[in-house]
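Student: I would like to learn how to read the way helices pack and how pockets are described. Could we work through an example together?

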Amino acid sequence: MSEKVINKISVANPTGLGLFGLAMVTFVAASQKLGITTGLSFVIVYAIFLGATAQLIASILDFLHENIWGATVFGAYAFFWYAVATCWLMNMGALGPALKGAVDIKQLGFAFLGYLIFSIFMTIGAMEVNKVIFLDMVVIDILLAALSLNAFGVAPHTTHMIGAIAEMVCALISFYACSAVVLNTHFGKPFMPMGKPFGIFK
């Protein structure tokens, strides 16, 4: 029997693309939450193409890199944005009056809470990536906590504003992290600092 040889596909680090997708969708979505812009129609476009699809591509390529943390985080957040965009379409009546009429916002609260639980564990993992990614994850935790409380009707004005600010901060950190990953790799040196891992678990 002939020996089978499996050649690994060589791909570049997809983290920059995933972070750019996260940065863009949170930047646009935060502008709506902060009242700078109005409506969700154009936010949905960036949720599907940048928040969801760009991060899904990064997830798939990270699996090829055997980076289980990055692949899982990007994949989970990709499907988060696919789901959120679909929920917005339902609530706007784009998928018919029956689905719009059956909306229970508290179910979205449980979805946000589930993602918060997931993100807290991923934040622990981020401690061994670098300090910028860890900070980004902490801000995402705050965002998800605020979104969950808001969906459950807890101090709606306050939690809305906390979520809006956290989302904008997440966008700005993600823009920096995206640029750092790409330029540090492109130049072959630490052009933009990311901060060393905490070194607690590894």
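Tutor: Let us begin with a pair of helices: α2 and α3 are roughly antiparallel to each other, a term kept for angles over 145 degrees. Please bear in mind that this is a predicted model, in which local features need pLDDT of at least 70 and side-chain atom pairs count only at pLDDT 80 or more, while totals for chains, interfaces and linings use all residues. Residues are numbered from 1 along each chain as its sequence is written, and side-chain values use heavy atoms, with hydrogens and water left out.

Student: At what angle do helix α2 and helix α3 pack, and how far apart are their axes?

Tutor: Helix α2, residues 41-64, and helix α3, residues 68-91, pack at an angle of about 160°, and their axes are 7 Å apart. The crossing of α2 and α3 is left-handed, and the contact of α2 with α3 has 18 nonpolar, seven polar and one charged residues. In this scheme Ala, Val, Leu, Ile, Met, Phe, Trp, Tyr, Cys and Pro count as nonpolar, Asp, Glu, Lys and Arg as charged, and the others, Gly among them, as polar.

Student: Is Ile57 buried, partly exposed or exposed?

Tutor: Ile57, which lies in helix α2, is partly exposed, with a relative accessible area of 40%; buried means under 20%, exposed over 50%, and partly exposed in between, with a 1.4 Å probe and protein chains only. From Ile57 to Ala71 there are 14 residues in sequence and 9.4 Å in space, C-alpha to C-alpha.

Student: How is empty space found, and what volume has the largest pocket?

Tutor: Rolling a probe the size of a water molecule over the atoms shows where empty space is left. A pocket is an open set of points on a 1 Å grid, where a 1.4 Å probe fits, with protein on both sides within 12 Å along at least five of seven lines, and lining residues have an atom within 4 Å of a point. Here the largest pocket holds about 480 Å³ of space, and of its 26 lining residues, Lys33, Val84, Trp88, Phe112 and Leu147 lie nearest the centre. The largest share of this lining, seven residues, comes from α6.

Student: Which residues are closest to the centre of the second largest pocket?

Tutor: The second largest pocket has a volume of about 300 Å³, and among the 20 residues that line it, Thr15, Trp69, Phe74, Val129 and Ile133 are the closest to its centre. Helix α3 gives the largest share of that lining, five residues.

Methods
Axes are lines fitted to C-alpha atoms, for helices over the stretch in contact, and angles run from 0 to 180 degrees between N-to-C directions. Helices (H or I, at least four residues) and strands (E, at least two) are DSSP runs, numbered from the N terminus. Angles under 35 degrees count as roughly parallel, over 145 as roughly antiparallel, 65 to 115 as roughly perpendicular and the rest as oblique. A crossing is left-handed if the near helix is turned anticlockwise from the far one by less than a right angle, and right-handed if clockwise. Grid points are joined across faces, edges and corners, and a volume is the space filled by probe spheres set on the points.
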